[in-house]
Every structure is written in C-alpha cells, then in structure tokens.
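Work through the exercises below with the sequence and the structure at hand. Try each task before reading its solution.

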Amino acid sequence: MALWRCKICGYIYEERTGDQTAGIPPGTLFSSLPLSWRCPVCKADKSAFEEIKDTGPVFTSLPTVSEVIIENLVQFGITEYFGVPGTSSLGIIDAIRKNEKARFFLFRHEENAAMAASAYNKLTGKIAACVTIAGPGATNLTTGLYDAKEDRASVLSINGQVEMQYSGPGGFQEIDQDAFFRPVTVFNNTIYDEKMAVKIITMAVLHAIVRKGVAQVSVPNDIQKLEIDPESIEGQGVIPSLVVRPGEEIIQKAIDLINISKSPVIIAGWGAHSYPGLVETFAERIDAPVLSTFRAKGIFPDDHPLYAGILGTVGSSGARAMVEEADLLITLGVGFSKMTRVPENIRILQVDYDPIRLGRGRDNLPVYGDVGEVLTGLLSKLPERSEFSGTSDSPGSFSTTRPDKSLAKEWVRAVKDPWDEIRKEEAADTSLPIRPPYIMEVLSRVIPSDAIISIDVGENGWWFGRNFRMNGQKFIMSGYLATMGFGFPGAIAAKIASPDKPVFCITGDGGFAMAMGDFVTTLKYDLPMVIIVLNNHELGMIRVEQQVEKYPNFATELFNPDFALYAKACGGEGIRVENPLELEQAVKWAMDQHRPVIVDVITDPRRFP
C-alpha cells in the first residue's frame, strides 16, 4: 500500500493505517478519501499530496535503532531520562515510551534537565540520561553538562540530529554537535550507521562510568527509525570494577608517616563522603581531628567530638589555624580548590582515586586509591591507640606521647567552642528583614536528619555552609562550576532518586528565578518538596564581590515576582515570611503539605549589619 506526503508540512498519509483522527479506517486508498478530507497537520487539501513510495504487503517486526539503544541502556541500569522532546528526537522519545522500565521526565528547560542528571549521579552513583533535539536543545544542555564535567559526575546525553548533517548555511536547527560537545565530554560521537548503534552506545556508557564524566551521542532523525538486523542487536561490554587498592608498600609508608607526626589533621573531601564510618574509626585510631571541605559538609554531624568544621571560605579562623599548626595533613579525596585553600607548605599524605590530582605541595606522599580501600588497608595495620608503643621518630612504631585521653577532641573543642558562640550570637538577631543566620538556625532545627538538601550558589549557599548545622542530612551542590540555578533541579533529581525522603531546596531569589519554570514539573510528576527562597531582592554574592574588589555596588538589584503567589498559580502551595517569629511555623506547615511548596523568606542582602 502507498504512502502520500503533504508538500506543505511533510505529513505522511499511510494507506495501511488510514487516518484515525478523521475516522478513516486502515486500508483506505488515498484515491478513496473524500474530497473534504484535509491534512490533519496543516489542513491542506488532497491536491497538496504526492505519492512517495509503495511499501508492499510485507512488514517486518525488527526493532529500530532507537528501541535498541534504549533497551541496551536499560540493561545497563539507566532507567531515568530527563529532557524535552522535539522533531529530531522523536524516535528516541517513542522508544522510551515503549520500554516498560524506562521513565521520561519532561522538563521545561534543557539546562535544568542536565543539572538534574548531574545531581542524580552525585546523589546515587547511577547514571541518568538527558534527551533533547539537535541545535538549540543540545546547546541548552551545556551548563548542566559542564557542572557534571567539573564535578566528575557520570551523565549520558542523547541528542537528536538533523537528517543531513553539516549541509552548510541555511540548515534548520543544525549545528556541528561533534565539535560543540568536544570540550565537555569524555566520549562524543554520532551514529551514522545503524550497525554501529549498539557499539557506540556501549562505549558511551563505559566512558561515562570509568572516566567519570559526560558521554554524548547524537542520533540523526532518519537513523533513529531504521530497523536493525538481529546480528547487530546484542549488547556488548561489561562494567569493570573501579575500585583501586594501593599496594602494601605504600600503605606501610603512609603508616610510617602517620607514626612520626605529632599533630596530624584529617581533611575529608568529596572522595570520602561515602565512608563516614571508616573516616571516624581512622580519626579515633590515630587521635586526629577532622575538617571537611564544603562539598563534604555533613560527613559527620556538626556536634561530632572529632569534627572541627569546614576548611575554606565558609569555615572558621580556628579551622584555618588548625591546619597551619598541623605537622601532617591527611587529605582524603580532596580536590584542593582555591575555595578550600589547603596549605601546601605542610607535609601532606594525599589519598585520591584520581592520579592526576596527586602530588600537591612540596612534601607529599601520594596514595593512589579509593578512599575506602586506603582507610581499610591502614586500619588493618594500625593498632589501637592504647597499644601505641615506641618513640616518635622510630619508623613502624607509635609515640608513647599519645595518651589514652584524646588530645584531638580537646583541640576540636578549642576550635569549635568560640566558633559556635559567634554563630549563636548571630542567630539571636531577630531584626527585620530576617537575618540569614537566624534562617539557618531555624532550618537546622526543623529539617529532618534523613532529608536531602540541594543548595544553590550565592549568598544562600555561603550562609548554609557557614551556619547550617548538619545532623545526618545529605546535601548536594554545584562544586567546581559553582553555577547559579543548580539548587532547584538538584532537588527535583533528589526526589526522583529518593521519593520516600524529605527534600529541601535552599536557594536565592536570583538562582531560583533561573530555574523556576520547572516548578510545574514537580507538580506534573507529584514530587513533594520544600523550596526555601532567601529573597533579598539582590544578587547578594555579587554585591560582596564588588565590595571585595573595591567597586561601588551596581547592577545587582532584582525585581522579583511574588514567589508564593507564583507557586499557587502553578497549582502548588506558597507562603511569604517577613516576621522571623513566623519562620519555623511556616517551614513546618510547608512540610505538612506533602506537595511542592515555596517558602518565600524576605531577608537582608547585607552579610553583616
């Protein structure tokens, strides 16, 4: 039976299937259509159609390239797909629809979809995929994909592509996607031949996992629809173990280095965040205080007797003094960013799974390995503190100057007590507009210990890092890219990944406004969460940066909508808080709504009054 194409819009009438929208049954010849029939897309009459092909009576049931791609990804455990459908990705989208194990989440902006995919991997270790169209859809992904690149999050980006690539000026939604994505990816390719589809998608997944980054695959629209022969369908590749264990010799060198140190300090980074129990046991065994980077905040509760707080721009002067007084810094998965400012003139025992990061400072013992494996190896050889013997300069033994009473805990108290007093005094300020330290004090009391918190970049994140007290919560952020707009899509990813856990987004009015279009996404997919907007009507961090750089304040004032009314207009809930004494009740009320809620907190752009 024949196919007829509309020369106006491209719609194809198939005689085999008819036109169900107009009540035309399958098998109706084009010549038998009534003269009143019109193209269901553009309403052109029959004269606008041309016959393009005789398909013949035989139809196969082979899977398409799109269906094989999604089936292979599902077999790899990739079941969540975030994005926006369009002309050049319709085959991929339909394959997701057909696969019972795949879930597609329609976002309102591709950047938010990519941010959510990055956050999903940071939270779960699993891969989520972005799916969008050629050209503008692909380019909109890049900020979120760059976040994944910088924070070493594994993300897969599947993008449609136009049928005839790189045809020159005048192409519609056509860019050189191979060139465009090259700087952000660890794997980047286009499927030109249906026989290569499985091999390319398998290599994309392996690269994303093993190299911890973004893998991008473009699939031209015509290729998506092609059928694949059975010999080209079978999946290939097995995910290797990524656990790296150092040898016994390097473990012994590390122990010797610990042995001769009198005041070691442990700095826990993102690479250690999955091993709080091992870090705690190790710290107790060698009687060393623990500091964390901002990203590793929450590895211990804030009141842990061995935890001295965050090292870096949101930390205390006591934490800075602690590392400067140490004679050995034991860094566990620390990225050495300028925001943490790890001193590199002190002897460092550096543990990291990324060999490129090793070797910082002038006096460094690099230990290449997974933090959990390294700590397990050290603990298997380190005796209990009560069993220490030998002298401080005798390799392989332990100093008798280490008493049963923990000197590390006394050191931590000396650092934390003054800092706690400062923050307590700040939080007691109930002036108007509501002060950020007071907001963080309330949130520290109210947010449950099993919650997931996604924070944004800006003053809201600075106050969270400095004043929020962790008590078992897990949190995520945009680390090295530090992009505004991450907080809200990160919260969406958190709720998708952990639907039974309470989810909070702490954001600013500037960052939330960049992503707020996807508030309707939380309602569409029933993703309850509480969004705390620190609304200071200003780009507060930029104001501070202008102050630091000795510039006058300029171009930072924001004109905002009423975020609470916006939430209600979308079908959610919202509440505006201007009185500090009403904040705690408002947050508790928001938690009880069991639906997406915006708490619009009117606050002060000034850091300190």
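**Exercise 1.** Find the residue of strand 5 that stands opposite Phe 82, then follow the chain between the two strands.

Solution. Step 1: Phe 82 has Phe 105 of strand 5 opposite to it. Strands (E, at least two residues) and helices (H or I, at least four) are DSSP runs, numbered from the N terminus. The model is predicted: local features need pLDDT of at least 70, side-chain atom pairs count only at pLDDT 80 or more, and totals for chains, interfaces and linings use all residues. Residues are numbered from 1 along each chain as its sequence is written, and side-chain values use heavy atoms, with hydrogens and water left out.

Step 2: strand 4 (residues 80–83) and strand 5 (residues 103–106) are paired in the parallel sense over four bridges. Two strands pair if DSSP finds at least two bridges between them.

Step 3: from strand 4 the chain passes through helix 2 (residues 90–98) to strand 5, in a right-handed β-α-β crossover. Right-handed means that, with the strands pointing away from the viewer, the path from the first strand over the helix to the second runs clockwise.

**Exercise 2.** State the strand order of the open sheet that six strands form, and name its edge strands.

Solution. Step 1: the order is 12-11-10-13-14-15, with parallel pairing. Step 2: strand 12 and strand 15 (364–368) are the edges, since each pairs on one side only. Step 3: neighbouring strands of the sheet are turned by 20° against each other on average, direction ignored. Axes here are lines fitted to C-alpha atoms, for helices over the stretch in contact, and angles run from 0 to 180 degrees between N-to-C directions.

Step 4: take one pair from within the sheet. Strand 13 (residues 328–332) and strand 14 (residues 348–352) pair in the parallel sense over four bridges, and Ile 330 stands opposite Leu 349 in strand 14.

**Exercise 3.** How many cavities of 30 Å³ or more are there, and which residues line the second largest?

Solution. Step 1: the count is two. A cavity is a set of points, on a 1 Å grid over the protein atoms alone, where a 1.4 Å probe fits but cannot get out; lining residues have an atom within 4 Å of a point. Grid points are joined across faces, edges and corners, and a volume is the space filled by probe spheres set on the points.

Step 2: the largest cavity holds about 130 Å³. Its lining has 15 residues, and those closest to its centre are Asp 302, Gly 309, Ile 310, Trp 419 and Arg 423. Strand 12 (307–310), helix 13 (407–427) and helix 15 (459–467) each give two or more residues to this lining.

Step 3: the second largest cavity, of about 30 Å³, is lined by Lys 122, Trp 270, Arg 295, Phe 475, Ile 476 and Met 477.

**Exercise 4.** Is Asp 526 buried or exposed, and what is the sign of its phi?

Solution. Step 1: Asp 526 lies in the loop between helix 18 (519–524) and strand 19 (530–535). Step 2: its relative accessible area is 56%, so Asp 526 is exposed. The classes are buried under 20%, exposed over 50% and partly exposed in between (1.4 Å probe, protein chains only). Step 3: phi of Asp 526 is positive, about 55°, although the residue is not a glycine.

Notes: 1 Å grid on protein atoms, 1.4 Å probe; cavity = no way out; pocket = protein on both sides within 12 Å on 5 of 7 lines; lining within 4 Å.
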